[in-house]
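Welcome to a short tour of one protein chain. Have the sequence and the 3D view at hand, and follow the points below at your own pace.

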Amino acid sequence: GTSDPYVKFKLGGKEVFRSKTIHKNLNPVWEEKACILIDNPREPLYIKVFDYDFGLQDDFIGSAFLDLTSLELNRQTDVTLSLKDPHYPDHDLGSILLSVLLAPREEQREVTQSLRLSDLHRKSQLWRGIVSVTLIEGRELKAMDANGLSDPYVKFRLGHQKYKSKIVPKTLNPQWREQFDFHLYEERGGIIDITVWDRDAGKKDDFIG
């Protein structure tokens, strides 16, 4: 009864941004920012929402167009777009909420400075690719608890981006089946730090490897 939604943004048939996947949720909150360079504001921004399916083709949830010419320059505008399926135009497929700021190119630097400092490094550059990671399982992990088991979870880090998996209690062979995306930036290399931890309530988590 739920979906694992993510959003693709396209300009002129080319994908310019893809959101992270939010699992098991029909009211996802992304809170993601992207800075997209636009050559022709008369070209609408095409927004497609998908349901991520592990190992299968992702399901199309719905799509919408954002007419950029309807936006006022240098003014942050909140936009609600109804999702539609071209094959079933009468179906109500929910809506998507965006906050959009259209600014001339030379003012892009000022826009970037208004973002939170933690976002500064990664939002001031456009990313050039996506690393899509699927965490499947762990095998024969080290037992860190007195019961001969562990409560493992995994942390991933690529530059300033981080992802933490769910905790699988009392097992040395955890099954995660989680998918997430990292963005690749020009200056940052392609090294992902992966660390495995044992969750300990009330005290510091144990490092497994």
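Helices, of at least four residues, and strands, of at least two, are DSSP runs numbered from the N terminus. On that basis, the protein chain has two helices and twelve strands. Please keep in mind that this is a predicted model.

**The chain as a whole**

- Along the sequence, the elements of the protein chain come in the pattern β-β-β-β-β-β-α-α-β-β-β-β-β-β.
- The protein chain has 209 residues, and buried residues make up 36% of them.
- About 13,400 Å² of the protein chain is exposed, and 50% of that area is supplied by carbon and sulfur atoms.
- Take the contacts in the protein chain between residues at least 6 apart in sequence: 54% of them join residues at least 24 apart.

**The sheet with β1 to β4**

- Here four strands make an open sheet in the order β2-β1-β3-β4, and their pairing is antiparallel.
- At the edges stand β2 (14-18) and β4, each of which pairs on one side only.
- On average, and with direction ignored, neighbouring strands of this sheet are turned by 25 degrees against each other.
- Strand β1 (residues 5-11) is joined to β3 by six bridges, and the two run antiparallel.
- Two residue pairs are handy for finding this match in the viewer: K8 has K48 in β3 as its bridge partner, and P5 has D51 in β3.
- On its other pairing, β3 meets β4 in the antiparallel sense over seven bridges; F50, for example, has F60 in β4 as its bridge partner.
- How much of β3 is buried? Six of the seven residues of β3 are buried, and the strand is mostly covered.

**The sheet with β8, β9, β11 and β12**

- Another open sheet is formed by four strands in the order β9-β8-β11-β12, again with antiparallel pairing.
- β9 (161-164) and β12 (206-207) are the edge strands; each has a single partner strand, so one side of each is left without a neighbour in the sheet.
- Strand β8 (residues 152-158) and β9 run antiparallel and are joined by four bridges.
- Within this sheet, K155 stands opposite K164 in β9.
- K155 also has an aromatic partner: its charged end sits over the ring of W197, 4.8 Å from the ring's centre.

**Aromatic rings**

- A pair of aromatic rings is described by two things, the distance of the centres and the angle of the planes.
- Counting ring pairs with centres within 6.5 Å, the total comes to nine aromatic pairs.
- Y46 and F65 are a stacked pair, because their ring centres are 4.6 Å apart and their planes stand at 15 degrees, with under 30 degrees as the cut-off for stacking.
- This pair links distant parts of the chain: Y46 belongs to strand β3 (residues 45-51) and F65 to strand β4 (residues 59-66), 19 residues apart.
- Are the two rings' residues buried or exposed? Y46 counts as partly exposed at 22% relative accessibility, while F65 counts as exposed at 52%.
- F180 and F182 are an edge-to-face pair, because their ring centres are 5.2 Å apart and their planes stand at 75 degrees, where the cut-off is over 60 degrees.
- Both F180 and F182 are buried, and together with F156 and Y163 they form one aromatic cluster.
- One more ring has a charged neighbour: R18 lies over the face of Y6, at 4.1 Å from the ring centre.

**Two residues with a positive phi**

- As background, most residues other than glycine have a negative phi.
- E31 is not a glycine, yet it has a positive phi of about 55 degrees.
- Where is E31 found? E31 is in the loop between β2 and β3, and it is exposed, with a relative accessible area of 73%.
- K170 is not a glycine either, and it has a positive phi of about 50 degrees.
- K170 lies in the loop between β9 and β10 (175-184), and it is exposed, with a relative accessible area of 57%.

Technical notes:
Residues are numbered from 1 along each chain as its sequence is written. This is a predicted model: local features need pLDDT of at least 70, side-chain atom pairs count only at pLDDT 80 or more; totals for chains, interfaces and linings use all residues. Side-chain values use heavy atoms; hydrogens and water are left out. Buried means under 20% relative accessible area, exposed over 50%, partly exposed in between (1.4 Å probe, protein chains only). Contact means heavy atoms within 4.5 Å. Accessible areas come from the Shrake-Rupley method with a 1.4 Å probe; for residues, only the protein chains shown count as cover. Rings of Phe, Tyr and Trp (its six-membered ring) pair if their centres lie within 6.5 Å; planes under 30 degrees apart count as stacked, over 60 as edge-to-face and the rest as tilted. A charge sits over a ring if NZ of Lys or CZ of Arg is within 6 Å of the ring centre and within 35 degrees of the ring normal. Two strands pair if DSSP finds at least two bridges between them. Axes are lines fitted to C-alpha atoms, for helices over the stretch in contact, and angles run from 0 to 180 degrees between N-to-C directions.
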